[in-house]
Amino acid sequence: MIAQTESGKEAFAPLNLTERLVGDAAPLTELKRAAAGIAVRQSTVMILGESGTGKEMLARYINENSLRVHKPSIAVD
């Protein structure tokens with residue numbers, strides 16, 4: 001879900017529980033582990049992949065698990 005910030009830029013609005021990464025399959029578990037490792041770093045992340053694969057959802061997951069959780073996360077298409 002996208003919301004407008006005061007500066008007019010788009011930012012992610014809080015997620016609904018149904019939008020979280022859910023599951024315990026090995027590839028998803030590994031992806032969550034990698035995302036958690038990325039979240040603790042102070043770096044920029046570029047997520048690449050096919051359309052419809054959940055790149056923005058993964059970006060939100062990383063943001064929600066980072067120290068920057070209260071700062072805006074801006075999607076760039």
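These are my notebook entries on a predicted model of one protein chain.

**Entry 1: Overall layout**

I began with the secondary structure. I found that the protein chain has two helices and two strands. Reading from the N terminus, I noted the order of the elements as β-β-α-α. I then looked up burial for the whole chain, and 19% of its 77 residues count as buried. For contacts, I considered pairs of residues at least 6 apart in sequence, and 52% of these contacts join residues at least 24 apart.

**Entry 2: Confidence**

Next I looked up the confidence of the prediction. The mean pLDDT of the protein chain is 77, and 75% of the residues reach 70 or more. I then asked which element has the lowest mean pLDDT and which has the highest. Strand 1, residues 2-4, has the lowest, at 48. Helix 1, residues 26-39, has the highest, at 89. I also recorded that the pLDDT is below 50 over residues 14-18. In the model this stretch has four contacts beyond near neighbours in sequence. I kept a general caution here: where pLDDT is low, the predicted coordinates should not be read in detail.

**Entry 3: The largest nonpolar core**

Which residues form the largest nonpolar core? I listed six: Leu 21, Ala 35, Ala 39, Leu 58, Tyr 61 and Ile 62. Helix 1 and helix 2 each supply at least two residues of this core. Helix 2 gives the most, with three residues.

I followed Leu 21 outward from this core. Leaving out residues up to four places away in sequence, Leu 21 touches Lys 32, Met 57, Leu 58 and Tyr 61. Two of these partners, Leu 58 and Tyr 61, are listed in the core as well.

**Entry 4: Ala 39 and Gly 37 in helix 1**

I then turned to Ala 39, another member of the core, which lies in helix 1. Is Ala 39 buried or exposed? Ala 39 counts as buried because its relative accessible area is 2%, and the cut-off for burial is under 20%. Beyond residues up to four places away in sequence, Ala 39 touches Ile 62, Asn 65, Ser 66, Leu 67 and Arg 68. I also looked up its separation from Val 69: the two residues are 30 apart in sequence, and their C-alpha atoms are 9.6 Å apart in space.

Gly 37 is found in helix 1 as well. With a relative accessible area of 25%, Gly 37 is partly exposed, because this value falls between the 20% and 50% cut-offs. Gly 37 and Ile 62 are 25 residues apart along the chain, and 8.9 Å separates their C-alpha atoms.

**Entry 5: Asn 63 in helix 2**

For helix 2 I chose Asn 63, which has its place there. Its relative accessibility is 16%, so Asn 63 counts as buried. Setting aside neighbours within four places in sequence, I found Asn 63 in contact with Arg 68, Val 69, Lys 71 and Ser 73. Arg 68 is thus a contact of Asn 63 and also of Ala 39.

**Entry 6: Met 46 in the loop**

Where is Met 46 placed? I located Met 46 in the loop between helix 1 and helix 2. Met 46 is exposed because its relative accessible area of 69% is over the 50% cut-off. From Met 46 to Ala 59 I noted 13 residues along the sequence and 8.9 Å from C-alpha to C-alpha.

**Entry 7: The largest pocket**

Finally I looked at the largest pocket, which holds about 740 Å³ of space. It is lined by 24 residues, and those closest to its centre are Val 45, Ile 47, Ala 59, Ile 74 and Ala 75. Which element provides the largest share of the lining? Helix 2, residues 55-64, does so with five residues. I sorted the lining by residue type and recorded 11 nonpolar, eight polar and five charged residues.

Methods: Residues numbered from 1 in each chain as written. Predicted model: local features only at pLDDT ≥ 70, side-chain atom pairs only at ≥ 80, totals over all residues. Heavy atoms only, no water. 1 Å grid on protein atoms, 1.4 Å probe; cavity = no way out; pocket = protein on both sides within 12 Å on 5 of 7 lines; lining within 4 Å. Points joined across faces, edges and corners; volume = space filled by probe spheres on them. Helix = DSSP H or I, 4+ residues; strand = E, 2+ residues; numbered from the N terminus. Nonpolar A, V, L, I, M, F, W, Y, C, P; charged D, E, K, R; others polar. pLDDT = per-residue confidence, 0-100. Contact = heavy atoms within 4.5 Å. Buried < 20%, exposed > 50% of the residue type's maximum accessible area, 1.4 Å probe, protein only. Core = buried A, V, L, I, M, F, W, Y, C linked by side-chain atoms within 4.5 Å.
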